[in-house]
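Me: I am new to this structure. Please take one part of it and go through that part closely.

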Amino acid sequence: MAHARRSPRNHDHSAARLVLFMIAVLATLAALGWAGTSMYQRATQQKRIVTLMGARGNFATLPEMELTLGGARSMDLKVTLELKPRASPDVADRYSRRIIDRLYDDIRQHEPEDLLGPGSAMLVKRSVARAVRAETGQNMVKDVLIEKMLVK
């Protein structure tokens with residue numbers, strides 16, 4: 001019986017395949033490690049930004065309005081509502097006409113001179129928050145941001 005001898009080349013070929021396989025596995029692990037590290041760095045950077053600047057706000061903008069005051073005076077007003085985190089901006093949009101009507105009634109009760117002096121911005125902010133609360137039935141306003149307030 002003759003023994004079949006394996007040629008040394010076949011043995012070397014298997015070793016080369018094993019080395020290539022190991023290189024491919026190591027390259028895949030390195031790529032996965034790099035991707036994981038970059039995702040972690042991005043997440044921690046976003047966390048730092050939120051810590052420094054605060055979370056993104058929940059905002060709703062009311063349409064610009066012109067409110068007629070007593071006499072020949074009027075007020076151009078544009079406000080943005082900063083809503084509490086769980087409040088839906090859609091609620092303010094749905095009720096915007098009613099909020100504006102309620103606000104108009106509230107603002108007209110004040111003398112035009114009250115809207116010119118110091119504290120007039122706080123007066124308007126309180127009126128807007130009150131109007132939103134009355135019309136939506138929710139205490140959803142965290143702050144009122146006045147973008148434009150011009151008494152003419």
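What follows is a close look at one strand and its surroundings.

Me: Take strand β3, residues 74-83. Which strands are joined to β3 by bridges, and which salt bridge involves Asp-76?

Reply: A word on the source comes before the details. This is a predicted model.

Start with the whole chain. The chain has four helices and four strands. Along the sequence, the pattern reads α-β-β-β-α-α-α-β. Of the 152 residues, 27% are buried. Among contacts with a separation of 6 or more, 68% are between residues 24 or more positions apart.

Now the strand itself. Strand β3 covers residues 74-83. Nine of its ten residues are buried, so β3 is mostly covered.

Take its partners in turn. Strand β1, residues 58-61, runs antiparallel to β3. Four bridges join the two. One pairing sets Ala-60 against Leu-81 of β3.

Strand β2 comes next. Its residues are 65-68, and β2 also runs antiparallel to β3. Four bridges join this pair. Here Glu-66 has Asp-76 of β3 as its bridge partner. The strands β2 and β3 form a hairpin with five residues between them. In that hairpin, Gly-71 takes a positive phi near 75°.

Then there is β4, residues 141-151. Nine bridges join β3 to β4, and the two run antiparallel. One example is Leu-77, whose bridge partner in β4 is Met-149.

Next, the side chains. Asp-76 of β3 meets Lys-152 in a salt bridge, at 3.1 Å from N to O. Lys-152 lies in the segment after β4 and Asp-76 in β3, so this pair ties together parts that are 76 residues apart in sequence. How covered are the two partners, Asp-76 and Lys-152? Asp-76 has a relative accessible area of 9%. The cut-off for buried is under 20%, so Asp-76 is buried. Lys-152 is partly exposed, at 43%.

Another salt bridge reaches β4. Glu-64 and Lys-148 meet at 2.8 Å, N to O. Glu-64 sits in the loop between β1 and β2, while Lys-148 is in β4, so the pair ties together parts 84 residues apart in sequence. Glu-64 is partly exposed, at 46% relative accessibility. Lys-148 is also partly exposed, at 32%.

Why can such pairs form? Side chains of opposite charge can pair when their charged atoms come close. The chain has six salt bridges in total.

Look beyond the strands for one more. Arg-98 forms a salt bridge with Glu-135, and their closest N and O atoms are 2.9 Å apart. Arg-98 lies in helix α3, residues 96-108, and Glu-135 in helix α4, so parts 37 residues apart in sequence are tied together. Glu-135 is buried, with a relative accessible area of 10%. Arg-98 is partly exposed, at 47%. A network of salt bridges links Arg-98, Arg-102 and Glu-135. Glu-135 also touches Tyr-95 and Ile-99, among others.

Last, the outside of the chain. Its accessible surface comes to about 11200 Å², and 56% of that belongs to carbon and sulfur atoms. A nonpolar patch of about 710 Å² includes Leu-26, Phe-21 and Met-22. Leu-26 is in helix α1, residues 8-53. With a relative accessible area of 54%, Leu-26 is exposed.

To return to the strand: β3 is mostly covered, and bridges join β3 to β1, to β2 and to β4.

Methods:
Residues numbered from 1 in each chain as written. Predicted model: local features only at pLDDT ≥ 70, side-chain atom pairs only at ≥ 80, totals over all residues. Heavy atoms only, no water. Buried < 20%, exposed > 50% of the residue type's maximum accessible area, 1.4 Å probe, protein only. Pairing = 2+ DSSP bridges. Contact = heavy atoms within 4.5 Å. Areas by Shrake-Rupley, 256 points an atom, 1.4 Å probe, with all protein chains shown as cover. Patch = residues over 30% accessible without salt bridge, like charges linked within 9 Å, V, L, I, M, F, W, Y side chains within 5 Å. Salt bridge = Lys/Arg side-chain N within 4 Å of Asp/Glu carboxyl O. Lists of a residue's contacts leave out its neighbours within four places in sequence.
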